[in-house]
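Ready for some practice in reading a structure? Take a look at the sequence and the 3D view, then work through the exercises at your own pace.

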Amino acid sequence: MGKSLISGFSGGVQVAKAEDGNDAGYLLLSPTLAVMALTLAAPLALLFLYSLTRTTGPVLEGGATLAQYAEVLGREGYRALFWRSLGISAVVTLATVALAYPMAYFVAFHAGRRKFLWLIALTIPFWTSYLLRVFAWKIILGYGGVINSALISMGLISAPLEFLLYNPFSVVVTLTHAWAAFAILPIYVSLEKIDRSLLEAATDLGDGPLRRFLRITLPLSMPGVIGAALLVFVPTTGDYVTPTLVGGPQGAMIANIISVQFDRVGNWPLGAALALASMAVVGVLAMLFVAAARAAAKAAR
Amino acid sequence: MKNRWLLVYAAAYLAFLYLPVLFLPLFSFNASQYIAFPLTGFTTQWYTALFADTAMLQALSNSLKVGVVTAILSTLLGLLAAKAVTQYRLKGTGTALGFIGLPLFIPDVVLGIALLLLLAAIGFPLSLATVVLGHLCLCTPFALAVLIARFEGFDRSLEEASADLGENGWMTFWRVTFPLMLPGITASLLLTFITSFDEFLIAYFLSGTDATLPVFFWSQLRFPARLPVVLALGALILLASVVLVVLAEVVRNRGVAPDKKTIGA
C-alpha cells in the first residue's frame with residue numbers, strides 16, 4: 001500500500017516534469033531515428049522508386065510505370081515461386097510453433113530452480129550464426145553427408161538417399177531448426193505472464209488438467225503464439241541462405257530470384273518490384289492472420 | 001507423470017537444437033577430407049591450415065573491427081532511445097518503436113539490397129564502413145530491446161535522491177544511473193557484437209572487397225577441398241558465439257532476479 005502510494009506520487013511528479021522536458025525526450029530519440037531513417041527508410045523508399053522505373057540497367061530515369069509489377073504478377077514462374085515460398089514458410093511456421101510450445105510450457109511451469117539454465121540453453125542458438133546452423137544441415141543431409149554415410153556404414157542402405165538434400169523437404173527441415181529459438185521466447189514470455197491464481201481457481205472449480213489448459217493457459221498464451229508465428233513466418237518467406245545452401249532448383253525461394261536481379265546483368269527495377277511485392281503479400285497475410293487469430297481468441301472466450 | 005514426459009520432450013528438443021550444429025566441431029577434428037562416417041582419426045591439421053591462411057586472418061580482423069564499432073554505436077543509439085522511451089511521455093512513442101523494430105520483420109536480403117541501392121545512387125564506395133551501416137540497422141532494435149527491459153526495472157527515485165543530496169546532473173549520471181545500467185549496457189554490447197560478427201547476408205551485399213569472416217566462409221564453400229578447414233573455422237566461430245552469449249545472459253540477468261521473484265510470487 002505504502003509502496004503504491006509512493007510510486008503514484010512520484011508518477012505525478014514525473015508527469016509534471018515530463019511536460020517541461022518533452023523536447024529533451026525527442027532530442028534523445030532523434031539520433032536513433034535519424035540512423036534508422038538513413039539505413040532503413042531511405043533505402044526502402046529508393047527501392048520503391050526503382051520499382052517504378054522502366055529501364056533495365058542500374059539507372060534512374062524516365063517516368064513512373066507499373067510495368068515491373070505487371071511482370072511480377074503476370075509471369076507464371078514468379079507466381080509459382082511466390083506460392084512455394086509462402087507454402088514452405090507456412091509449414092515451417094506451423095512446425096516451429098507446434099514444437100516450441102511444449103518446450104516453452106515446460107520452462108515456464110516445470111523447470112523449477114533450473115529455469116535460468118534452461119532459458120540460457122534455449123537462447124544460445126538464437127544468437128549464434130544463422131549461416132553455420134544452416135550449413136550444418138548441408139553436411140548432415142548431403143549426398144555423401146552425415147546421415148547417408150552413417151546409414152551406409154551401418155549397412156542399412158546400399159546407396160545414398162537422394163531425397164534428403166536439394167528439395168523443399170530439406171528447406172523445411174533446415175528452417176524449422178534454424179528458427180526454433182525465435183518461437184520459444186515469445187511463447188515463454190506469454191506463459192510466464194499468466195497469473196497462477198487463475199489456474200488454481202480453475203482447479204478449485206473442478207477443471208481437469210486438459211480442460212484447464214484449453215480454457216485458461218492456451219487462450220492466455222495466444223499473444224505469444226501469434227507473435228512467434230509472425231516472427232517465424234515473415235522473415236522465412238524472404239530467406240536467402242537456406243534455399244541457396246540446401247534448396248537446389250526445386251527448393252528455390254523468392255529471395256533467390258530477387259538477388260539474381262541485382263547481379264551485373266540483372267534487372268534492378270524488376271528486382272525492386274519483386275522485393276516489394278513479396279513484402280506486401282507477406283504483410284497482408286500477416287495482418288489477416290493476426291485479425292483471424294484475434295477473432296478466434298474472442299470467439300473462444 | 002505428465003511432468004516426466006515434458007522433461008523427456010524438453011531434453012529431446014534441446015538435442016534437436018544442439019546436435020546438428022555439433023557435427024561441425026566433430027568433423028573438424030576428423031582426419032579424412034570427406035565429411036562422412038566412419039571417422040578416420042583425430043587431427044588438428046585443419047586448424048593449423050586455418051591459422052596459416054592470411055585471407056582468413058584478414059577477414060577475422062575485418063569482422064572484429066565491424067563488430068566492435070557496430071556494438072558501440074548501436075548500444076549508444078539504443079541507450080539514448082531507451083531513456084527517451086521509458087523516462088519521458090512522448091507522443092508517437094509506439095510508432096517510433098514500431099519503426100525501429102521493423103528490421104526484425106524485413107528479410108535481410110531486402111535490407112541489404114535496398115541499402116546497396118542507396119549507396120550506389122549517392123556514389124558511396126563499399127567498405128567496412130558500409131557494412132557497419134547495414135549492421136546498425138539490424139543491431140539497434142536488439143540493443144533497444146535489451147536496454148528498455150533494464151530501464152523499466154530502473155527506480156527513478158534513486159536519481160531523485162542523488163539530486164536531492166546535491167549532486168549535479170552529470171555526477172548523478174556517473175554515480176547512480178550508469179552503474180545501475182551497466183549490466184544492461186554490457187549485455188547489449190555483447191549481443192550486438194555477436195549479431196554483427198555472425199551476420200552474413202547484409203555484409204555479403206555491402207562489404208565490397210573487404211570480406212568479413214562469414215563472407216569469407218561463404219566464399220570458401222565453393223571449394224570442396226577446403227571443406228574441413230571451413231568446418232574448423234565454423235567450429236571456432238560457434239565457440240566464440242556461445243561464450244559471448246552465455247556471458248551476456250549472465251550479466252543481463254544479474255540484479256534482475258529479485259524482481260522476477262516478486263513477479264512470480
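Below are three exercises on this predicted model, each with a worked solution.

**Exercise 1.** Find out why helix α10 of chain B is largely enclosed by the rest of the structure.

*Solution.* Start with the cut-off: a residue is buried if 20 or more other C-beta atoms lie within 10 Å of its own. Next, apply it to α10(B), residues 213–220: 6 of the 8 residues are buried, so the helix is largely enclosed. They are Leu213(B), Pro214(B), Val215(B), Phe216(B), Phe217(B) and Trp218(B). Finally, look at what covers them: the cover includes α5 (130–141) of chain A, and from chain B α3 (54–87), α8 (169–198), α9 (201–206) and α11 (227–253).

**Exercise 2.** Work out which element of chain B has the lowest mean pLDDT and which the highest.

*Solution.* Begin with the whole chain: the average pLDDT of chain B is 85, and 95% of its residues score at least 70. Then go element by element: helix α12(B), residues 257–264, comes lowest with a mean of 39, while α9(B) comes highest with 94. Now zoom in on residues 257–265 of chain B, where pLDDT stays under 50 and the model has 1 contact beyond four places in sequence. Where pLDDT is low, predicted coordinates should not be read in detail.

**Exercise 3.** Describe how chain A is divided into domains and how many residues each gives to their contact.

*Solution.* First, note the bounds: domain 1 of chain A spans 1–51 and domain 2 spans 70–300. Their C-alpha centres are 32 Å apart. The contact draws 4 residues from domain 1 of chain A and 6 residues from domain 2 of chain A. Lastly, sort the domain 1 side by class: 3 nonpolar, 1 polar and no charged residues.

How values were computed
Residues are numbered from 1 along each chain as its sequence is written. Chains are lettered from A and ligands numbered from 1 in the order in which they are written. This is a predicted model: local features need pLDDT of at least 70, side-chain atom pairs count only at pLDDT 80 or more; totals for chains, interfaces and linings use all residues. A residue is buried if 20 or more other C-beta atoms lie within 10 Å of its own, exposed if 12 or fewer, and partly exposed in between; C-beta atoms are placed from the backbone. Helices (H or I, at least four residues) and strands (E, at least two) are DSSP runs, numbered from the N terminus. Two residues are in contact if their C-beta atoms, placed from the backbone, lie within 7 Å. pLDDT is the predictor's confidence in each residue, from 0 to 100. Domain bounds come from an automatic or database domain assignment. Ala, Val, Leu, Ile, Met, Phe, Trp, Tyr, Cys and Pro count as nonpolar, Asp, Glu, Lys and Arg as charged, and the others, Gly among them, as polar.
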